[in-house]
Each structure stands twice: as structure tokens, then as C-alpha cells.
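This report walks through a single protein chain, beginning with one side chain and its surroundings and ending with the chain as a whole. Please keep the structure in view while reading.

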Amino acid sequence: MADELDSEGVTDSPKKGPTLSTSTSSFEALDPHDPNLSRLASTMFTKTTDYLYGELTAVQDEYKLLENMNRATITKYSDMKHIATNVSKAMVELNDKYNSLQPYLDQIDQIEDSVIKLEQAAYKLDAYSKRLEAKFKALEKR
């Protein structure tokens, strides 16, 4: 029967009899044991506690940092939203002003075209007057 219990992972405790523990330690909580082992175990548990506390503190600090970064990002995006809104309003105003000035700009373009045509006519007239003057001088010399 003991072989059946061992094959199922059940072991015997020296004080309490059969248990489900697979530990190879013969440590019993109320038994006297080695003080050096007790001191080392206490040191191990203390250092493990310190390590876990440090890890948890680091994670907590990282979450606080992320929270602060999120707040800063929210503030920055809010500022950017206000800037974009103001730029959008300014663009709408500028577009309205441009549309109100468009008839005058069209008139300026027409005047520019007229000035160019007038300038071309003036150059042609100047060239014609120079040819006419040259002909007149040629006729005078005869």
C-alpha cells in the first residue's frame, strides 16, 4: 500500500504521516532546528522582501512617470488643439478677405494687361516714329 501512495506523489512526514507534499525537506514548524539555517532563512526572506518591495516600488514609480507623461501629453495636445483652432479661424478670415478683394485683384490684372498692351503700342509707335524720322531726314538730304 505504501508503494501505491508513493506512485501517486504522496510522501510521509516524520511527525504527521502521509502528506501531498513532494518536498524533500524534513522541516517541521515546531521542531527545533539549526539556528544558522534559521538565520540564513530569515536573511533570505528579508532580502527577498526587500527585492520584491524594490521591484514593486520601481513599477509604481514607472506608472507615476507614465501618468505624469500622459498629463503632460494631454496638456500639450490641448494647447495644440487651441493653436490649430486659432489657425483655422485665421485661415477662414484670410480666405474671406481674399474673396472680398478678388474683384479688385481682377481689376488690377486687367489694368496690368492694358498697361502691357499700351507699352507694346508705345514701343511700336516709337519704332515707327524713328523710321519716319529717318525717311524724313533722307528726303531732306535730297
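## An exposed tyrosine and its patch

In this predicted model, Tyr-63 has a relative accessible area of 57% and is therefore classed as exposed, the cut-off for that class being over 50%. The residue belongs to helix α2, which spans residues 35-141.

Tyr-63 is also one of the contributors to a nonpolar patch on the surface, to which Val-59, Leu-65, Leu-66 and Met-69 belong as well. The area of this patch comes to about 500 Å².

## Salt bridges along helix α2

How many salt bridges does the count come to? The count is three, and each pair is described in turn below.

Arg-71 pairs with Glu-67, and the closest N and O atoms of this salt bridge are 2.3 Å apart. Both residues sit in helix α2 with a spacing of four residues, or about one turn of the helix. Arg-71 is partly exposed because its relative accessibility, 45%, falls between the limits of 20% and 50%, and Glu-67, with a relative accessible area of 40%, is likewise partly exposed.

A salt bridge also joins the side chains of Lys-130 and Asp-126, with an N to O distance of 3.5 Å. Since these two residues are four apart in helix α2, about one helical turn separates Lys-130 from Asp-126. An α-helix has 3.6 residues a turn, so residues three or four places apart point the same way. Lys-130 is exposed, its relative accessible area being 52%, whereas Asp-126 is partly exposed at 34%.

Lys-137 and Glu-133 form a salt bridge as well, in which the closest N and O atoms lie 3.5 Å apart. Here too the partners are found in helix α2, four residues from one another, which is about one turn of the helix. Lys-137 counts as partly exposed, with a relative accessibility of 45%, and Glu-133 is partly exposed with a relative accessible area of 44%.

## The start of the helix and its kink

At the start of α2, Asp-34 directs a side-chain oxygen towards the backbone nitrogen of Asn-36, reaching to within 3.2 Å of that atom.

Where in helix α2 does the kink lie? The kink is at Gln-102, shortly before the proline Pro-103, and amounts to about 45 degrees.

## The chain as a whole

The chain contains two helices and two strands, and, read from the N terminus, these elements follow the order α-β-β-α.

Of the 142 residues in the chain, 3% are buried, a class that requires under 20% relative accessible area. The chain exposes about 13400 Å², and carbon and sulfur atoms supply 61% of this area.

Terms used. Residues are numbered from 1 along each chain as its sequence is written. This is a predicted model: local features need pLDDT of at least 70, side-chain atom pairs count only at pLDDT 80 or more; totals for chains, interfaces and linings use all residues. Side-chain values use heavy atoms; hydrogens and water are left out. The bend at a residue is the angle between axes fitted to the seven residues ending there and the seven starting there. A polar contact is a pair of N or O atoms within 3.5 Å; within protein, one must be able to donate a hydrogen and the other to accept it, and residues adjacent in sequence count only if both atoms are side-chain atoms. A salt bridge is a side-chain nitrogen of Lys or Arg within 4 Å of a carboxyl oxygen of Asp or Glu. Buried means under 20% relative accessible area, exposed over 50%, partly exposed in between (1.4 Å probe, protein chains only). Patches are made of residues with over 30% relative accessible area and no salt bridge: like charges are joined within 9 Å, nonpolar side chains (Val, Leu, Ile, Met, Phe, Trp, Tyr) within 5 Å. Accessible areas come from the Shrake-Rupley method with a 1.4 Å probe; for residues, only the protein chains shown count as cover.
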